[in-house]
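The following exercises ask you to read pairing, packing and burial from a set of coordinates, and each is followed by a solution worked in steps. Please keep the model open beside the text as you go.

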Amino acid sequence: MPLLTKQADKVEVLGDVPLFSELSKKELTALARISDEVPVREGAELVCEGKWGHQLAIILEGNAVVRRNGRKVAESGPGAVVGEIGLVTDRPANATVVVTEPSVVLVLEPRAFRTVMADMPSVATKILATVADRLAATDAKAT
């Protein structure tokens with residue numbers, strides 16, 4: 001049985017993702033339509049360090065461990081977002097994320113995501129602004 005039984009449930013989950021925080025309800029609904037709720041087995045890799053990202057996943061149920069250079073750097077649970085770097089920048093992942101128990105994730109695939117951005121340029125503009133703000137905040141902390 002799906003955890004997110006209504007389209008509005010997906011919109012709410014996506015709206016809680018920092019990357020999508022500036023999107024309107026209409027824009028979030030477009031993303032919700034292309035997202036899929038997927039069961040994931042224990043031990044499955046959601047993201048693999050150094051490899052090109054292939055999806056954004058939001059953990060709805062379950063847990064995962066995040067590793068960089070083989071070292072555990074974090075644990076992720078419900079609400080955690082992984083793979084956003086690859087989805088937005090088309091760059092290799094900077095960490096490996098492995099599911100530590102049977103889980104359920106909400107997935108956005110790159111091809112469908114890019115189609116939404118092409119059809120709704122405002123989505124791309126708002127996401128770019130959010131990424132720029134996050135980068136500026138990171139730079140400010142480093143100085």
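**Exercise 1.** Establish how β4 and strand β7 pair, and then place both strands in their sheet.

Solution. In this predicted model, begin with the pair itself: β4 and β7, the latter covering residues 96-99, run in the antiparallel sense and are joined over 4 bridges. To fix the register, take Ala64, whose bridge partner in β7 is Val99. Next, widen the view to the sheet, which is open and consists of 4 strands in the order β2-β7-β4-β5, with antiparallel pairing. The edge strands are β2 (45-47) and β5, each of which pairs on one side only. Finally, consider the twist: neighbouring strands of this sheet are turned by 30° against each other on average, when direction is ignored.

**Exercise 2.** Describe the hairpin formed by β4 and β5, and state which residue in its turn has a positive phi.

Solution. First, list the strands: β4 spans residues 64-68 and β5 spans residues 71-76, and they pair in the antiparallel sense over 5 bridges. Second, follow the register, in which Val66 has Ala74 as its bridge partner in β5, while Arg68 is bridged to Arg71 of β5. Third, look at the turn, where 2 residues lie between the strands of the hairpin. Asn69 belongs to this loop between β4 and β5, and it shows a positive phi of about 50° although it is not a glycine. Fourth, check its accessibility: the relative value for Asn69 is 69%, and because the cut-off for exposed is over 50%, Asn69 counts as exposed.

**Exercise 3.** Work out the strand order of the sheet that contains β3 and β8, and find how α1 packs on that sheet.

Solution. Start from the pair of β3 (residues 56-61) and β8 (residues 103-108), which is antiparallel and extends over 5 bridges. Within this pair, the bridge partner of Leu56 in β8 is Leu108. The sheet as a whole is again open, with 4 strands in the order β1-β8-β3-β6 and antiparallel pairing. Its edge strands, each pairing on one side only, are β1 (36-40) and β6 (81-82). α1 packs on this sheet by touching β1, β3 and β8, and the direction of α1 makes about 85° with that of β8.

**Exercise 4.** Classify the crossing of α1 and α2 from the angle between their axes, and describe the residues that make the contact.

Solution. The axes of the two helices come within 9 Å and cross at roughly 110°. Since angles of 65 to 115 degrees count as roughly perpendicular, α1 is roughly perpendicular to α2. On the side of α1, the contact is made by Gln7, Lys10, Val11, Leu14 and Gly15, and on the side of α2 by Lys25, Leu28, Thr29, Leu31, Ala32 and Arg33. Sorted by character, the residues of this contact divide into 5 nonpolar, 3 polar and 3 charged.

**Exercise 5.** Search the whole structure for aromatic pairs, and determine which parts of the chain are tied together by what is found.

Solution. The search returns 1 aromatic pair. The ring centres of Phe20 and Phe113 are 6.3 Å apart and their planes stand at 45°, so the pair is classed as tilted. Phe20 lies in the loop between α1 (7-15) and α2 (25-33), whereas Phe113 is part of helix α4 (residues 110-119), so the pair ties together parts that are 93 residues apart in sequence. As a last step, examine burial: Phe20 is buried, with a relative accessible area of 0%, and Phe113 also counts as buried, at 0% relative accessibility.

**Exercise 6.** Locate Ala129, decide whether it is buried, partly exposed or exposed, and give its distance to Leu19.

Solution. Ala129 is found in helix α5, which covers residues 121-142. With a relative accessibility of 39%, Ala129 counts as partly exposed. Ala129 and Leu19 are separated by 110 residues in sequence, while their C-alpha atoms are 9.5 Å apart in space.

Definitions and conventions
Residues are numbered from 1 along each chain as its sequence is written. This is a predicted model: local features need pLDDT of at least 70, side-chain atom pairs count only at pLDDT 80 or more; totals for chains, interfaces and linings use all residues. Side-chain values use heavy atoms; hydrogens and water are left out. Two strands pair if DSSP finds at least two bridges between them. Rings of Phe, Tyr and Trp (its six-membered ring) pair if their centres lie within 6.5 Å; planes under 30 degrees apart count as stacked, over 60 as edge-to-face and the rest as tilted. Buried means under 20% relative accessible area, exposed over 50%, partly exposed in between (1.4 Å probe, protein chains only). Axes are lines fitted to C-alpha atoms, for helices over the stretch in contact, and angles run from 0 to 180 degrees between N-to-C directions. Angles under 35 degrees count as roughly parallel, over 145 as roughly antiparallel, 65 to 115 as roughly perpendicular and the rest as oblique. Contact means heavy atoms within 4.5 Å. Ala, Val, Leu, Ile, Met, Phe, Trp, Tyr, Cys and Pro count as nonpolar, Asp, Glu, Lys and Arg as charged, and the others, Gly among them, as polar.
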